[in-house]
Amino acid sequence: MSEYDNISNEIRELAAKLLARGEVDVVIGYKPTALPGRTQPAFAYKPEDAREFVFNPLCVSGLPLYLTKAKPEISAKDRIAIVAKGCDVKNIVALQRENQIRREKIKVIGVVCKGVVGKYGRCDGKTEPKPEDLDEKCRYCDVNTPRDYDYLIGEKIESSPQSKEKEFEEINRIEKLSPRERWKFWEEHFKRCIKCYACSKVCPLCYCNRCIVDKTMPRWIDPSSHARGNLAWNIIRAQHLAGRCTGCGECERSCPMDIPLMLLNKKLERESEELFGYRSGYNPHDPIPLAVFREEDDDEFVR
Amino acid sequence: METKIINKQDLAKLIDGLISAGARTVAPVKVGQMHLFQEVRSPAEAVFDYFLARRSPKEFLFPQTEPIFSYTRQKDSVKIHPVDMAFPRTVVFGLRPCDAAGPGILDALFAWDYEDKFWFNRREQTAFVSMTCAQADHACFCSSVGLSPDAADTGADLHLTLLDDGQRYFVEAPTGKGKKLVSEFPSLFKPATDSDAAARGSAGEKAKGLITRKLDLSNVKQWLGSHFTDELWERLSAKCIGCGACAFECPTCHCFDFQDEATPEGGVRCKNWDSCCIDNFTLHASGHNPRNIQHKRYRQRIMHKFKYYIDKFGKTLCTGCGRCSRQCPVTLDIAEVLENIAAKAASGS
């Protein structure tokens, strides 16, 4: 039996046990699909449903989005267990930090993860992806062993993320471009945007009751998918996640038009860290930079 | 059906000729890791050795955003400015039979209670040149909705099949528009022989063999008719995240919304793509939303494609292209949903 068969079995057994004992109402995990190279989110309500659960490097979807008020089918259940990789746990921590979940009502089934397959990577799901097939975020992962969990599945491992220079190589390159070249770079990408809002709908931290794009009195963002509307949407999406995004990469993975959204997210992530020493998803008690006023904060930019 | 042969160089000349003649000439173009239908400035930009474009070509008849009029406010009145309804001649190359089928399915809708001039004026100006599939994956299921990866007559004006010499395309011209295109460039099209026709036949068989997903949809419509409420909906689609990725890539999804983009001085009224899976699609001004939870929205997607549209227009609103399954962020595979429905229908539950 492979390592992933063992992990899958442990998840099935634990999920079935939690459901059988009535400790939770639903377990959120992954199950196979007929489409090769993919898995899909799955919800187990009865112990026998848990038989379908699997875990392997094809389990790319971030499941914490189902904990938010945007997904009441699942999140309205009283007690929930959720299978979570280290990056997913960061989103759970961020949701906890923003008072969107009651952590004590949620049982986190943390899974030690050696990386998932990238959007265009190849992986049979039986062994871990080759380095070139890994998802980009996994190259810089420092949470292979989740930082918070109620149960841990798999042997704990130390993370060995690649260097920050490598991680921010493309961002550094773009920062060095002239404003005109930068504008052209983003114009080329944003012009493909089809306003499907997959980036927002898949994001566990995009849980607003009513997104600004849907507000009409007044209308803040042109709903049409033209240059102005696309630019406004993509900027506001990134800005609203400034200091909040945990870097899970679900928006970029889900974008059917392959817009490199993580460049924006990571740029803001670095700003948040440099300006406020804040990294989202690591500590549920750290003050949120954009929700705190401190006299010593750098206010150069408001002058 | 009129048949011809065109070789690769002459296909390039055809594209060149159309560009020179001032036609908007569209073909699959490589953009990063995907292919998109885009206007090409030279035949070298077109890529025909490809699987399927990420977005269907419906946007050339039904753009994602289309101004239908603009207006300016004056002191006591509003002045309406109509938009130009003369659209450029357009030839779209390289679409697959599943994509070519889209417009023919949608004609009935756009001609229904009101003839949509935006659609039909463009339709008149547009010719489609489809190609037999060279690749398929397990999300493809065109043969289960009455199509085929080599079908010449799903809606294209010309259909090209690359013969096994890898250099020559067998050309079929199922429509008058296709025949006209051939007669416009007579030196590029050569006569097809019986052995070419035989080679086209075997290339077609090879393409048919690529389709691995076979669905039995015979009882699906009937089941849908009596299962508006069923446990299946929540079980299979609670995971739907409510984005528009499926609808916006679909060759047949056609729902749209009107939006005014305005300043105090005036504005533009736009017809924009919309999707039944997005939560505010059915949101009423009162705040009431009859499809108040995600699985009811996804149910509409299935009902519309496999029941309502058939009831109203006699056609299935799906070409089996598989884009929605492939691009769904949470792998909500439409074929899996249909398989589940077919199984329920077969077991009488």
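How many residues of chain B are in contact with residues of chain A? I began my notes with this question, and I keep in mind throughout that I am reading a predicted model.

**Entry 1: the interface**

I looked up the contacts between the two chains and found that 43 residues of chain B are in contact with 40 residues of chain A. I then turned to the area, since the size of an interface is often given as the accessible area lost when the parts come together. Between chain B and chain A about 3300 Å² is buried, and carbon and sulfur atoms give 53% of that area. I also noted that Ile241(B), Glu261(B) and Thr331(B) supply 17% of the area that chain B buries against chain A, which is more than any other three residues.

**Entry 2: polar pairs across the interface**

Next I looked for polar partners, and the count between chain B and chain A is 26 residue pairs in polar contact. I listed the elements of chain B that each supply at least two residues of the side touching chain A, and among them are strand 3 (34-39), strand 11 (256-263), strand 12 (266-273) and helix 9 (294-313). When I sorted that side of chain B by class, I wrote down 17 nonpolar, 14 polar and 12 charged residues.

**Entry 3: a salt bridge between chains**

Which residues meet in a salt bridge at 3.7 Å, N to O? I found the side chains of Glu261(B) and Arg228(A) in this pair. Glu261(B) lies in strand 11 of chain B, while Arg228(A) lies in helix 9 (residues 227-240) of chain A, so the pair joins two chains. For the interface of chain B and chain A, I recorded three salt bridges.

Is Glu261(B) buried or exposed? Glu261(B) has a relative accessibility of 7%, and I entered this residue as buried because the cut-off for buried is under 20%. Arg228(A), on the other hand, is exposed, with a relative accessible area of 54%. I followed Arg228(A) further and saw that Asp222(A) also forms a salt bridge with this arginine, the closest N and O atoms being 2.5 Å apart. Asp222(A) is buried, at a relative accessible area of 16%.

**Entry 4: salt bridges in chain B**

Over all chains the count comes to 57 salt bridges, and I picked out one of them, where Asp165(B) and Arg168(B) have their closest N and O atoms 2.7 Å apart. Both partners turned out to be partly exposed, for I read a relative accessible area of 37% for Asp165(B) and 28% relative accessibility for Arg168(B). I also noted a network in which salt bridges that share partners join Asp150(B), Glu172(B), Arg200(B), Glu205(B) and Lys208(B).

**Entry 5: Thr154(B)**

Where is Thr154(B) found? I located Thr154(B) in the loop of chain B between strand 7 (126-131) and strand 8 (158-162). Thr154(B) counts as buried, at 14% relative accessibility. Its neighbours, once residues up to four places away in sequence are not counted, are Pro97(B), Ala100(B), Ala101(B) and Leu147(B), each of which Thr154(B) touches. Looking at Pro97(B) again, I found that the side chain of Thr154(B) reaches the backbone oxygen of this proline at 2.8 Å.

How values were computed
Residues are numbered from 1 along each chain as its sequence is written. Chains are lettered from A and ligands numbered from 1 in the order in which they are written. This is a predicted model: local features need pLDDT of at least 70, side-chain atom pairs count only at pLDDT 80 or more; totals for chains, interfaces and linings use all residues. Side-chain values use heavy atoms; hydrogens and water are left out. Helices (H or I, at least four residues) and strands (E, at least two) are DSSP runs, numbered from the N terminus. Buried means under 20% relative accessible area, exposed over 50%, partly exposed in between (1.4 Å probe, protein chains only). A polar contact is a pair of N or O atoms within 3.5 Å; within protein, one must be able to donate a hydrogen and the other to accept it, and residues adjacent in sequence count only if both atoms are side-chain atoms. Contact means heavy atoms within 4.5 Å. Buried area is the accessible area (1.4 Å probe) that two parts lose on being put together, summed over both. A salt bridge is a side-chain nitrogen of Lys or Arg within 4 Å of a carboxyl oxygen of Asp or Glu. Ala, Val, Leu, Ile, Met, Phe, Trp, Tyr, Cys and Pro count as nonpolar, Asp, Glu, Lys and Arg as charged, and the others, Gly among them, as polar.
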